[in-house]
Amino acid sequence: MAAGVVTKLQTIVSREIDPDQFAVVTVGSIQAGHTENIISDRAEVRINIRTQDHEVRNRVLASIRRVVKGECEASGATKEPLIEETTKFPLSVNDPDVTKKVFKSFEAFFGDRFDPNTSCSTASEDYSILGSTQGKPCCFWFFGGTDESTWDDAAKKGRVAEDVPVNHSPFFAPVIQPTLGTGIDALCLAALTFLTNP
């Protein structure tokens, strides 16, 4: 039953979401049973979704509920499935005015080490709870933590995606410096942008 759910969940994005819209449905964990010769009476399936639009998110959530309930019914489950949202983060939307001011400070301080053209990200961050949900203007930014020679070598070989571990990888290990210093500088610069007199 759980395997059937996983298989059918993989069709939500490909069959139900417009290709011009972004959505990801990931089954990151399945836990059922303790041994190979006993059929488990329960299974726990943990799903992560990523979207960049509230309407798409609601559609994906509705599809997940429909798929799980439908597969349980088709498999003759004797109980209704329990579906719980365990984590939920609102969309992080940078305020244009705040972003312009912060990026101006970053450009002045970091020079050519600052790239203002970061593409839209699928990261889910609790940061957005502090700003977006409170109706306060906010600005979220990224800074790198990969050793420069590791990055350059991977880029030269065209293997950045394969050779540079990202933050959800078990091999992710940012270098302490300049990562820590860059993060501190960026936070201080952003704060001073609004705390100093114009």
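Helices here are DSSP runs of at least four residues, numbered from the N terminus. With that in hand, let's walk through this predicted model.

**Stop one: a cis peptide bond.** Select P178, which is found in the loop between helix 7 (160-163) and helix 8. Now look at the bond leading into P178: from Q177 to P178 the peptide bond is cis, with omega near 15 degrees.

**Stop two: a surface patch.** Keep the view here and add I176, L180 and I184 to your selection. These three form a nonpolar patch on the surface, and together they have about 310 Å² of accessible area. L180 has its place in helix 8, residues 179-195.

**Stop three: two helices that cross.** Next, colour helix 1 (residues 2-9) and helix 3 (residues 54-74), whose axes come within 9 Å and cross at roughly 145 degrees. The crossing of helix 1 and helix 3 is right-handed. To see the contact itself, show G4, V5, K8 and L9 of helix 1 together with I64, V67, V68 and E71 of helix 3. Sorted by class, the contact has five nonpolar residues, one polar and two charged.

**Stop four: a salt bridge.** Stay with helix 3 and pick out R66, then select E16. Their side chains meet in a salt bridge, at 2.6 Å from N to O. E16 lies in helix 2 (residues 11-16) and R66 in helix 3, so this pair ties together parts that are 50 residues apart in sequence. If you would like to keep exploring, the count for the model comes to nine salt bridges.

Key. Residues numbered from 1 in each chain as written. Predicted model: local features only at pLDDT ≥ 70, side-chain atom pairs only at ≥ 80, totals over all residues. Heavy atoms only, no water. Axes fitted to C-alpha atoms, helices over the stretch in contact; angles between N-to-C directions. Helix = DSSP H or I, 4+ residues; strand = E, 2+ residues; numbered from the N terminus. Left-handed = near helix turned anticlockwise from the far one by under 90°. Contact = heavy atoms within 4.5 Å. Nonpolar A, V, L, I, M, F, W, Y, C, P; charged D, E, K, R; others polar. Patch = residues over 30% accessible without salt bridge, like charges linked within 9 Å, V, L, I, M, F, W, Y side chains within 5 Å. Areas by Shrake-Rupley, 256 points an atom, 1.4 Å probe, with all protein chains shown as cover. Salt bridge = Lys/Arg side-chain N within 4 Å of Asp/Glu carboxyl O.
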